[in-house]
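Open the structure in your viewer and keep the selection panel to hand. This tour goes stop by stop: what to select next, and what is there.

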Amino acid sequence: MKKISLYLLMILATGMLTSCGDDEPEITRVQDGNGKVFLETGTLVDANLNFSEAELEQALNTYKWEREYSFYYDNQTISNRYEVKGLPTVMHPDGTIEFDDESTAKYTVLDKHILVTNEVQVGVNNYSYYDKLDVVSLDLTKGAGRMIIDRIVPNGYGKSDYVNTTYTRMVWRAVMQ
């Protein structure tokens with residue numbers, strides 16, 4: 001009887017361990033890697049994925065960056081260019097960032113992320129706005145610069161036909177002076 005109970009306990013434990021896995025949907029779209037990033041409709045282009053925090057800070061402190069376009073993607077689908085509302089439009093070397101609603105905020109760099117913070121006063125109360133932009137690639141060549149940035153879309157703000165976690169990918173260009 002002890003052997004049967006032990007075998008049943010082992011079977012039950014094995015079932016519990018194997019059923020509690022990562023239920024994240026499989027990624028079937030093209031992916032970044034091997035010196036390539038995807039742009040709208042899944043077009044792969046050459047890109048520098050291996051840059052340091054210091055290189056990112058220097059690029060942001062040296063050039064003004066303007067967002068050229070954006071698009072949505074999830075685990076299966078990549079959209080065409082799409083005008084996504086509420087995104088940043090310009091990053092200045094002085095650490096300020098402008099948005100399409102004409103508001104501004106401050107940004108800092110942490111690893112390969114741009115952290116956006118803004119103190120907003122509503123009535124007599126202040127609250128802080130925070131956003132994290134993930135820098136995917138940073139390409140600087142003589143006379144040109146491109147940066148690819150991802151931002152997770154908060155629930156309820158993405159395209160309704162995207163069923164998984166939705167991201168916005170932004171393509172930025174450096175304004176060389």
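The stops below run from a strand to the cores, then to charges and rings.

**Before you start.** This is a predicted model: local features need pLDDT of at least 70, side-chain atom pairs count only at pLDDT 80 or more, and totals for chains, interfaces and linings use all residues. Numbering starts from 1 along each chain as its sequence is written, and side-chain values use heavy atoms, with hydrogens and water left out.

**Stop 1: strand β3.** Select residues 64-73. Helices (H or I, at least four residues) and strands (E, at least two) are DSSP runs, numbered from the N terminus. Seven of the ten residues of β3 are buried, so the strand is largely enclosed by the rest of the structure. Buried means under 20% relative accessible area, exposed over 50%, and partly exposed in between (1.4 Å probe, protein chains only).

Now add β10, residues 167-175. β3 and β10 pair in the antiparallel sense over nine bridges. Strands pair if DSSP finds at least two bridges between them. Look for Tyr69, with Val171 of β10 opposite.

Next add β4, residues 88-91. Its pairing with β3 is antiparallel too, over two bridges. Here Trp65 has Met91 as its bridge partner.

**Stop 2: the cores.** Which residues have the most contacts inside the largest nonpolar core? Select Leu60, Trp65, Met91, Ile114, Met147 and Ile149; the core has 25 residues. A nonpolar core is a set of buried Ala, Val, Leu, Ile, Met, Phe, Trp, Tyr and Cys residues joined through side-chain atoms within 4.5 Å. Elements that give it two or more residues include α2 (53-62), β7 (113-122) and β9 (144-152). Another core, of 13 residues, lies apart from it; Leu39, Leu49, Tyr69 and Ile78 are among them.

Centre on Met91. Leaving aside neighbours within four places in sequence, its contacts (heavy atoms within 4.5 Å) include Leu60, Trp65, Ile97, Tyr107 and Trp172.

**Stop 3: salt bridges.** Side chains of opposite charge can pair when their charged atoms come close. The whole structure has eleven salt bridges. Each is a side-chain nitrogen of Lys or Arg within 4 Å of a carboxyl oxygen of Asp or Glu.

Select Glu68 and Arg173: their N to O distance is 3.9 Å. Glu68 lies in β3 and Arg173 in β10, so the pair ties together parts that are 105 residues apart in sequence. Glu68 is partly exposed at 46%, and Arg173 is partly exposed at 34%. Add Lys64 and Glu66 to see a salt-bridge network linking them with Glu68 and Arg173.

Move to Asp139 and Arg146, a salt bridge at 3.2 Å. Asp139 is buried at 18%, whereas Arg146 is partly exposed at 22%.

**Stop 4: rings.** There are six aromatic pairs. Rings of Phe, Tyr and Trp (its six-membered ring) pair if their centres lie within 6.5 Å; planes under 30 degrees apart count as stacked, over 60 as edge-to-face and the rest as tilted.

Select Phe38 and Tyr73. They are edge-to-face, 4.9 Å centre to centre, with 85° between the planes. Phe38 is in β1 (residues 36-38) and Tyr73 in β3, so the pair ties together parts 35 residues apart in sequence. Phe38 is buried at 1%, and Tyr73 is buried at 4%. Ring pairs join Phe38, Tyr69, Phe71, Tyr73 and Tyr167 into a cluster.

Finish on Arg81, whose charged end sits over the ring of Tyr69, 3.5 Å from its centre. A charge sits over a ring if NZ of Lys or CZ of Arg is within 6 Å of the ring centre and within 35 degrees of the ring normal.
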